[in-house]
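Subject: Handover of a structure and notes on its features

Dear colleague,

Please find below the structure that I am handing over to you. I would be grateful if you could read the notes after it with the model open beside them.

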Amino acid sequence: MPRDLHSVERLDPRQAEPSSLPLPVELFGAIRPAITQRHIIKGLLLAGTAIVVFGHPGSGKTFTVIDWSLRIAAGEDWFGRKVQPGGVVYIAAEGQTGLRLRIEAWKRAHGYAETDIPFALIPASVDLLDPRADMEKLASVLSHLAGLWGGIVLVVIDTLAATFGGGDENSGDMAAYVTNVARLCAPWGCARLMVHHQPLNADAKRPRGHGSLWGAADTVIHVTGDSEAPARRISVMKQKDMDPGRDVLFKLKPIDVGTDEDGEQVTSCVIEPADNDALAPSKPGKRLSDKERIALNHLEKLLVAEGQLPPSVIPETTLDRKWITKVVSMSAWRSAAMSALHSPDTEPDSARTAFNRARNKLQASKIIGIWEGHVWML
């Protein structure tokens with residue numbers, strides 16, 4: 001027979017201490033915010049959280065994640081951001097040969113060819129969906145490495161698809177997968193980073209599969225660009241309890257890693273910061289004129305310096321707030337861009353005409369969005 005909750009003996013709140021109650025209680029006057037957060041990369045990756053990194057093939061997402069992983073293990077700052085060092089385990093469920101080349105390139109580029117750091121590669125295809133498949137074996141390996149290093153701060157899964165077993169990414173299987181990964185990492189309180197694919201539709205700026213992956217993630221990062229772009233882009237699409245911050249631009253730098261059996265040079269790449277003025281095109285195949293690029297550069301700088309949350313008056317059908325987190329006023333962008341487009345030997349009307357043409361081209365190319373005096377980057 002169900003218990004009558006109202007008949008349960010109650011503690012007198014005037015006499016009881018919060019510590020004596022059956023659930024944790026924080027009284028109003030004692031509530032204090034957690035000002036200091038534990039980062040593994042300052043302002044980007046938080047300790048103990050769920051992270052998703054996604055992008056199209058060739059975007060540079062794996063190069064990026066390898067760089068993060070090795071810098072965390074080595075305790076090296078990443079692009080000027082402080083790093084909290086610790087053990088990193090990289091589960092490479094596919095492309096192990098190429099991954100080893102990339103790690104060797106990083107060793108040579110950063111002077112770690114003869115130095116050991118707490119980083120381990122698990123080059124195996126594992127099933128993280130079925131808890132009876134490989135979870136126990138992985139837990140044993142992680143326990144061994146945690147004992148060897150004194151802990152683990154990050155587990156990388158590359159890729160989600162290659163560790164999804166026979167499941168359907170577009171179903172409730174995704175929630176089960178995310179839960180299994182969280183349980184695997186729970187004993188060490190480490191962050192778990194899942195590398196995933198982007199839908200083939202170039203306009204879909206989200207990870208492939210069921211929305212439960214997005215919902216469970218604390219941080220979602222989109223990597224864009226290709227070999228034709230002047231730079232590639234790292235964009236934080238979701239960041240719980242933190243400002244997503246500005247995008248980071250990077251380039252791939254070729255590194256010689258040795259010679260093959262025919263005496264030919266073998267190379268791979270590492271990532272390095274790109275000039276902040278080098279924009280990675282938001283859509284493959286779009287080529288911008290100098291004036292269009294100037295206008296777009298100034299929009300990006302304004303979004304970083306003055307960007308605000310999209311106002312509620314912008315319809316959901318026009319702006320998807322899951323992906324677009326900052327907008328600026330059209331007047332501010334027009335003023336900044338026209339100032340840059342104007343020169344002593346041109347008339348103000350010429351700068352205005354150049355801006356209007358650039359704005360129309362960027363909007364038609366689906367690089368920017370506009371609604372009644374507000375503008376944003378897509």
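The notes that follow go from the chain as a whole to its sheets, and then to individual residues.

**The chain as a whole**

Please bear in mind that this is a predicted model. The chain has 378 residues, of which 43% count as buried. Its secondary structure comprises eight helices and 14 strands. The accessible surface amounts to about 19900 Å², and carbon and sulfur atoms contribute 51% of that area. Among contacts with a separation of 6 or more, 66% link residues 24 or more positions apart in the chain.

**The nine-stranded sheet**

Nine strands make up an open sheet with mixed pairing, and their order is β5-β4-β6-β7-β3-β8-β9-β10-β11. The edges are held by β5 (119-122) and β11 (265-273); each has a single partner strand, so one side of each has no neighbour in the sheet. On average, neighbouring strands of this sheet are turned by 25° against each other, direction ignored.

Within this sheet, β8 (residues 219-224) and β9 (residues 232-239) run antiparallel and are joined by six bridges. One residue pair to look at here is H222 with its bridge partner S235 in β9. Helix α4 packs on the sheet, where it touches β6 and β7 (191-197), and its direction makes about 145° with that of β7.

Strand β7 also contains H197. This residue counts as buried because its relative accessibility is 18%, and the limit for that class is under 20%. Apart from neighbours within four places in sequence, H197 is in contact with F54, G55, K61, T159, A161, P207 and R208. One of these contacts, T159, returns below in connection with a cis peptide bond.

**The three-stranded sheet**

A further open sheet consists of three strands in the order β12-β14-β13, with antiparallel pairing. Here β12 (328-329) and β13 (368-371) stand at the edges; each has a single partner strand, so one side of each is left without a neighbour in the sheet.

The pairing of β12 with β14 (residues 374-377) is antiparallel and runs over two bridges, while β13 and β14 pair in the antiparallel sense over four bridges. H374 in β14 has a residue opposite it in each of these pairings: S329 and W371.

The hairpin of β13 and β14 has two residues between the strands, and in it E372 takes a positive phi near 40°. E372 thus belongs to the loop between β13 and β14. With a relative accessibility of 63%, E372 counts as exposed.

**Backbone geometry to check**

Most residues other than glycine have a negative phi, and most peptide bonds are trans. Three places in the model merit a look against that background.

- E372, described above, is a residue other than glycine with a positive phi near 40°.
- F79 is not a glycine either, yet its phi is positive, at about 50°. F79 is found in the loop between α1 (61-74) and β4 (88-92). With a relative accessible area of 21%, F79 is partly exposed.
- The peptide bond from D158 to T159 is cis, with omega near 5°. T159 is located in the loop between β6 (154-158) and α4 (173-185).

**A nonpolar patch on the surface**

Which residues make the nonpolar surface patch of about 230 Å²? The patch is formed by L21, V25 and L27. V25 lies in the segment before β1 (39-41). V25 is partly exposed, with a relative accessible area of 38%; that value allows V25 to take part because patches are made of residues with over 30% relative accessible area.

**Where to begin**

I would suggest opening the model at H197 in β7, and following its contact with T159 to the cis peptide bond from D158 to T159. The hairpin of β13 and β14 with E372 could come next, followed by the patch of L21, V25 and L27.

With kind regards

Methods:
Residues are numbered from 1 along each chain as its sequence is written. This is a predicted model: local features need pLDDT of at least 70, side-chain atom pairs count only at pLDDT 80 or more; totals for chains, interfaces and linings use all residues. Side-chain values use heavy atoms; hydrogens and water are left out. Patches are made of residues with over 30% relative accessible area and no salt bridge: like charges are joined within 9 Å, nonpolar side chains (Val, Leu, Ile, Met, Phe, Trp, Tyr) within 5 Å. Accessible areas come from the Shrake-Rupley method with a 1.4 Å probe; for residues, only the protein chains shown count as cover. A salt bridge is a side-chain nitrogen of Lys or Arg within 4 Å of a carboxyl oxygen of Asp or Glu. Buried means under 20% relative accessible area, exposed over 50%, partly exposed in between (1.4 Å probe, protein chains only). Two strands pair if DSSP finds at least two bridges between them. Contact means heavy atoms within 4.5 Å. Axes are lines fitted to C-alpha atoms, for helices over the stretch in contact, and angles run from 0 to 180 degrees between N-to-C directions.
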